[in-house]
Amino acid sequence: MIYVVLFFLIFSVLLYVLLAGADFGAGVLELFSSKENQAVTKKTLYRVMGPVWEANHIWIIITIVILWVAFPVFYNVLVVSLHIPITLMLLGITLRGVAFVFRHYDAFIDKSQIVYDWMFRVSSLVTPIFIGMVFGALLSSQIVTNQESHSFYELYIQGWFNIFSILIGCFFTALCTFLAAILLIGESEQEHRKVYVKKARIATIVVVILGFLCLLYGYLTKVEFVSVFLESKWTLAIVIISGILLFPLWQSIKKQRRIYSRLFAGLQVVCILSAAFIPVFPELIFTQTHTISLLENIAPESTISVLGTTLIIGGVVILPGLFHLLKSFKMIKILER
């Protein structure tokens with residue numbers, strides 16, 4: 001049953017990166033656009049994401065619950081050592097949700113709309129940065145787990161507030177922007193699609209550059225995760241596949257193909273996550289002194305069985321409903337127009 005739990009954990013992380021990532025990235029696109037394009041993006045974003053944006057965050061809830069119930073040691077290190085960026089991340093999600101609702105449903109059109117717009121755009125930028133910094137912190141070898149003879153800064157700040165984690169945060173934000181641009185190519189009006197094609201191209205280049213900088217900095221500063229990453233045969237194979245997939249992705253973006261561009265963008269995300277975690281799994285936390293395995297001191301077998309059964313039942317109920325929701329609002333289409 002542990003494999004069922006791991007499947008749902010990986011599945012939840014993947015869907016959160018894809019769906020919520022595109023959601024965050026749309027706000028970043030709106031932030032870095034001209035006033036005219038901001039208005040267009042705002043209108044398109046509300047039409048596309050408005051009915052389903054709350055459903056995107058179900059996956060992070062499932063991820064947290066699985067870690068809390070099944071992997072208590074891993075969860076404890078995560079929420080204690082990184083409670084500051086996690087709190088800021090949750091605050092950003094909350095502020096973004098508030099701004100998203102009130103800038104569309106506020107009864108009065110006044111200067112408060114400006115506040116809501118900027119709250120939405122800034123939180124859309126800051127939130128994925130903190131999410132990426134949390135992932136970066138897990139791999140940075142800067143986390144301190146021994147709380148004796150260490151300052152507050154060493155215990156709760158240096159683990160995530162370092163150059164490597166910040167680079168990972170910027171990389172994840174660029175990835176979200178890339179996903180959003182791909183999504184909006186197929187959802188915007190014909191006369192506006194060239195704008196998102198251009199943004200998708202720029203975002204693709206930024207993702208590649210930031211990914212290279214993350215690895216270069218990690219290599220120069222001897223980050224243990226980067227050493228394992230570069231020495232792995234899995235990494236080499238996945239990076240080659242990802243590089244090959246860039247060509248059909250680029251062509252799909254250029255020709256404004258809705259389905260194929262999203263397919264290849266999703267495969268790029270799968271490649272990135274696979275390249276990052278397959279070489280080191282299950283050792284997913286690199287501290288200053290040792291690594292911490294996801295499977296270290298897991299919950300009792302009876303707890304895992306109950307959790308796995310619950311996830312299967314929940315999946316049978318939730319996944320068809322989610323598919324119907326996305327299909328009802330035309331976010332899932334079998335054939336291209």
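1. Ile84 belongs to helix H6, which covers residues 83-105. The model is a predicted one, and the remarks below should be read accordingly. Setting aside residues up to four places away in sequence, Ile84 touches Phe152, Tyr156, Ile157 and Trp160. With Trp160, the C-alpha separation is 9.0 Å, although the two residues stand 76 residues apart along the chain.

2. Trp160 is also among the contacts of Leu82. When neighbours within four places in sequence are left aside, Leu82 is in contact with Val77, Val134, Ala137, Leu138, Ile143 and Trp160. Trp160 is thus listed as a partner both of Ile84 and of Leu82.

3. Leu82 has a further role in the description of the interior: the largest nonpolar core has 92 residues, and Leu82, Phe71, Phe178 and Phe225 are the members that touch the most other members. Helix H9, residues 163-187, supplies the largest share of this core, with 16 residues.

4. The surface also carries nonpolar side chains. A patch is formed there by Ile205, Ile209, Phe212, Leu213, Leu216, Tyr219, Leu220, Leu230 and Trp250, and their accessible area together is about 900 Å². Helix H10, residues 193-220, gives the largest share of the patch, seven residues.

5. Is Leu220, one of the patch residues, buried or exposed? Leu220 is located in helix H10. Its relative accessible area is 60%, and exposed means over 50%, so Leu220 counts as exposed. In soluble globular proteins, by contrast, nonpolar side chains tend to be buried together.

Terms used. Residues are numbered from 1 along each chain as its sequence is written. This is a predicted model: local features need pLDDT of at least 70, side-chain atom pairs count only at pLDDT 80 or more; totals for chains, interfaces and linings use all residues. Side-chain values use heavy atoms; hydrogens and water are left out. Helices (H or I, at least four residues) and strands (E, at least two) are DSSP runs, numbered from the N terminus. Contact means heavy atoms within 4.5 Å. A nonpolar core is a set of buried Ala, Val, Leu, Ile, Met, Phe, Trp, Tyr and Cys residues joined through side-chain atoms within 4.5 Å. Buried means under 20% relative accessible area, exposed over 50%, partly exposed in between (1.4 Å probe, protein chains only). Patches are made of residues with over 30% relative accessible area and no salt bridge: like charges are joined within 9 Å, nonpolar side chains (Val, Leu, Ile, Met, Phe, Trp, Tyr) within 5 Å. Accessible areas come from the Shrake-Rupley method with a 1.4 Å probe; for residues, only the protein chains shown count as cover. A salt bridge is a side-chain nitrogen of Lys or Arg within 4 Å of a carboxyl oxygen of Asp or Glu.
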